[in-house]
Amino acid sequence: MIKKENSIKNKNYQFDLCIIGSGHAALPVAIRLLNKNIKICLIPGGSFSISNKLQETYQGKSNIVNNSLDKHRLRVIGGTSKIWGGRCIPFKKIDFEKRNYAKNSGWPISYNSLKKYYSDAATYLDIGEAEFSSNSLITKNKFLIDGFVNDEVITDEIEKFSLPTDFSKKFASQLNDENNIYLFDNSSVIEIVYKNNSTVCKVNCKTVSGTNFSITAKNYVLAAGGIENARLLLHKFNFSKKYSCGNKYNNVGRYFMTHFSGIIAKIKFNNDVDINNKYEFCKNKIYSRRRISISHNSQRKNKILNFSAFLHHSPIEDSSHKNGILSLIFLLKNLRYFSHRIPPEYSKRLSNDTFSIRCYLTHIKNVVFNLHRIIPKVIMLSKKRFFDKRKLPSIIIDSERNEFYIHYHVEHEPLRSNYVSLINEVDCFGLKKTHVNLKPSKNDIKSIIKSHNIIDKELRKQKKGKLFFINSDSRNLILSQIGFGGHLIGTTRMSNDYKNGVVNKDCKVFEIDNLYIAGSSVFPTGGEANPALTIVALSLRLADHLSKKYYYNE
Ligand SMILES: Cc1cc2nc3c(=O)[nH]c(=O)nc-3n(C[C@H](O)[C@H](O)[C@H](O)COP(=O)(O)OP(=O)(O)OC[C@H]3O[C@@H](n4cnc5c(N)ncnc54)[C@H](O)[C@@H]3O)c2cc1C
């Protein structure tokens with residue numbers, strides 16, 4: 001049931017459960033608890049459409065140049081699920097292990113305890129079964145690189161793509177019709193109020209038009225996103241003040257992680273090697289893509305962090321690819337109208353560079369000389385990419401020379417020295433804004449370079465091809481590509497003990513009886529996998545825990 005903003009009164013409302021947020025982390029908790037006789041309220045942080053005023057509350061500072069905190073997340077009902085890319089892949093067993101070569105690694109729960117929730121999460125995200133081997137593809141080819149079987153480099157895994165599902169649309173009917181869920185439209189939590197430093201007694205909230213109200217509930221789930229979860233816990237206390245609630249050991253905001261992603265090498269495959277690099281369907285026409293990863297044994301042997309990559313066409317700005325479609329994409333992305341509409345993680349490289357007139361002319365030439373081939377392809381691709389219900393995730397271009405760039409997406413080591421803290425500037429609700437401090441470790445850089453070396457060694461050994469680094473200084477190239485996009489991980493990490501984390505294995509804040517956290521902020525390590533599938537799986541697990549708690553308390 002949606003409580004319209006103008007019907008919200010300046011008073012205290014009472015519920016069984018209060019959920020703060022309305023994105024990938026929040027909505028699965030509410031939906032899973034429907035029919036459990038639990039009266040739930042959702043404070044969504046916004047309304048159904050984007051408001052500049054609310055989006056500004058996400059602004060902040062960071063030590064990374066050109067990395068705006070308000071561009072990679074949406075303060076609306078549905079949260080960032082309204083703009084995400086839909087790429088789904090689960091964490092692996094190794095991600096949950098304590099690895100002596102990866103600082104602060106190890107989860108207090110095992111892969112097996114999350115496995116059944118991955119299946120349910122797959123349904124929530126519309127990707128069919130939680131099966132990620134190439135056996136679930138309709139085509140018979142097993143490997144990305146045909147016949148490339150070895151113990152170090154894996155090429156028979158796939159990632160699956162969601163519609164991409166927008167949770168505000170998927171669950172619109174439940175939000176509108178269900179009597180047990182009350183969504184307070186256009187309202188935000190502005191303060192969590194504690195009693196005796198051990199219980200949350202209420203949350204103070206405010207609507208955009210300025211009405212103050214509060215919610216008292218038996219339990220609270222904080223699911224406001226990877227930065228906001230820490231921000232709301234730190235609010236009123238500062239980073240250095242150790243004894244704020246849930247923050248006795250100064251862990252809130254610490255261990256911030258993202259995924260490092262970029263291109264430092266290309267692979268020239270031998271001409272007789274077949275490469276299966278295109279979007280393929282699993283059952284029910286779910287788009288999938290093959291990927292490269294490093295086996296767990298090889299990671300342990302080489303003491304490297306988790307790594308994945310996919311094959312990528314030449315950079316679109318490099319007109320020597322002579323590909324009319326890539327040139328057309330380059331020209332469109334540089335048009336002012338389109339450049340504002342591309343998510344920053346995709347437009348970052350283009351916006352950092354300026355291009356010569358000569359460069360533009362060569363791209364125009366590539367388009368004009370290929371026009372007869374481009375037009376039918378553009379019509380077909382535009383339909384699939386923009387108008388189909390299940391959208392083509394991106395455009396993959398084949399290589400005539402059997403040569404591909406390798407786009408990595410890797411684990412980021414969790415360190416206390418990477419953190420989210422509060423600054424003195426405040427937003428329209430009077431909450432302090434955030435600062436993000438992020439620096440890759442030596443281990444991060446070493447792992448990226450070493451993983452490329454492992455791939456090169458196996459390619460040469462099996463006479464499949466060779467990998468070439470595109471710059472003699474790979475370390476600097478990696479550093480120039482560092483940034484954080486929408487993957488905001490680790491700021492309220494899960495741990496076995498209070499000294500090393502913020503929440504326990506049930507996602508409950510240490511020493512606070514009734515405050516739980518949902519979202520990637522609880523991940524102790526970030527793996528190489530995109531976070532949404534694991535966020536949803538953990539939220540469903542949290543819902544089951546809460547369901548038992550209510551059942552036994554009653
Ligand atoms: C362009 C882009 C592409 C991406 N692609 C992928 C992908 O392909 N695969 C993948 O796995 N991940 C992807 N991600 C990341 C993924 O979208 C996020 O990890 C995920 O959506 C985070 O979910 P969340 O619910 O924790 O946070 P959010 O979606 O950010 O939701 C936070 C919610 O909290 C609310 N809120 C904030 N402050 C308050 C407050 N004070 N009071 C009440 N409510 C509040 C907000 O309104 C919002 O509803 C992408 C991200 C971006 C930006």
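**Sheets, helix packing and the ligand shell**

Good morning. I begin with an open sheet of three strands, in the order S4-S17-S16, whose pairing is mixed. The edges are taken by strand S4, residues 60-62, and strand S16, residues 419-426; each has a single partner strand, so one side of each is left without a neighbour in the sheet. On average, and with direction ignored, neighbouring strands of this sheet are turned by 25 degrees against each other. Please bear in mind throughout that this is a predicted model.

Within that sheet, S16 and strand S17, residues 432-437, run antiparallel and are joined by five bridges. To give one pair as a landmark, valine 420 has valine 436 in S17 as its bridge partner. It may help, when viewing these strands, to recall that side chains in a regular strand alternate between the two faces of the sheet.

I turn next to a hairpin. Strands S8 and S9 form it, with three residues between them. In the turn sits asparagine 196, which has a positive phi of about 55 degrees. The two strands run antiparallel, and eight bridges join S8 to S9, residues 199-207. Here isoleucine 192 stands opposite valine 203 in S9.

S8 leads us to the ligand. Which residues are the closest to the ligand? They are Gly23, Gly45, Gly79, Gly486 and Asn530, out of 41 residues that surround the ligand. Two or more residues of this shell come from each of strand S8 (187-195), helix H7 (228-234) and helix H16 (532-553). By character, the shell divides into 16 nonpolar, 20 polar and five charged residues.

H16 also takes part in a helix contact. As a reminder, two packed helices are described by the angle between their axes and the distance between the axes. Helix H4, residues 111-124, packs with H16 at an angle of about 115 degrees, and their axes are 8 Å apart. H4 is therefore roughly perpendicular to H16. The crossing of H4 past H16 is right-handed. On the H4 side, the contact is made by Leu114, Tyr117, Tyr118, Asp120, Ala121 and Tyr124; on the H16 side, by Leu533, Val536, Ala537, Leu540 and Arg541. These residues comprise nine nonpolar, no polar and two charged.

A second helix pair may be set beside this one. Helix H9, residues 324-334, and helix H12, residues 357-369, have axes that come within 8 Å and cross at roughly 130 degrees. H9 and H12 are therefore oblique to each other. In this case H9 passes H12 in a left-handed crossing. H9 contributes Gly324, Ser327, Leu328, Phe330 and Leu331 to the contact, and H12 contributes His363, Asn366 and Val367. The residues of this contact divide into four nonpolar, four polar and no charged.

I close with two points of backbone geometry in loops. Where is proline 164 placed? Proline 164 lies in the loop between strand S6 (153-161) and helix H5 (167-170). The peptide bond that joins leucine 163 and proline 164 is cis, with omega at about 5 degrees. The second point concerns asparagine 250, found in the loop between H7 and strand S11 (260-269). Its phi is near 60 degrees, a positive value in a residue other than glycine. Thank you for your attention.

Conventions:
Residues are numbered from 1 along each chain as its sequence is written. This is a predicted model: local features need pLDDT of at least 70, side-chain atom pairs count only at pLDDT 80 or more; totals for chains, interfaces and linings use all residues. Axes are lines fitted to C-alpha atoms, for helices over the stretch in contact, and angles run from 0 to 180 degrees between N-to-C directions. Helices (H or I, at least four residues) and strands (E, at least two) are DSSP runs, numbered from the N terminus. Angles under 35 degrees count as roughly parallel, over 145 as roughly antiparallel, 65 to 115 as roughly perpendicular and the rest as oblique. A crossing is left-handed if the near helix is turned anticlockwise from the far one by less than a right angle, and right-handed if clockwise. Two residues are in contact if their C-beta atoms, placed from the backbone, lie within 7 Å. Ala, Val, Leu, Ile, Met, Phe, Trp, Tyr, Cys and Pro count as nonpolar, Asp, Glu, Lys and Arg as charged, and the others, Gly among them, as polar. A residue is near a molecule or strand if its C-beta atom, placed from the backbone, lies within 6 Å of it. Two strands pair if DSSP finds at least two bridges between them.
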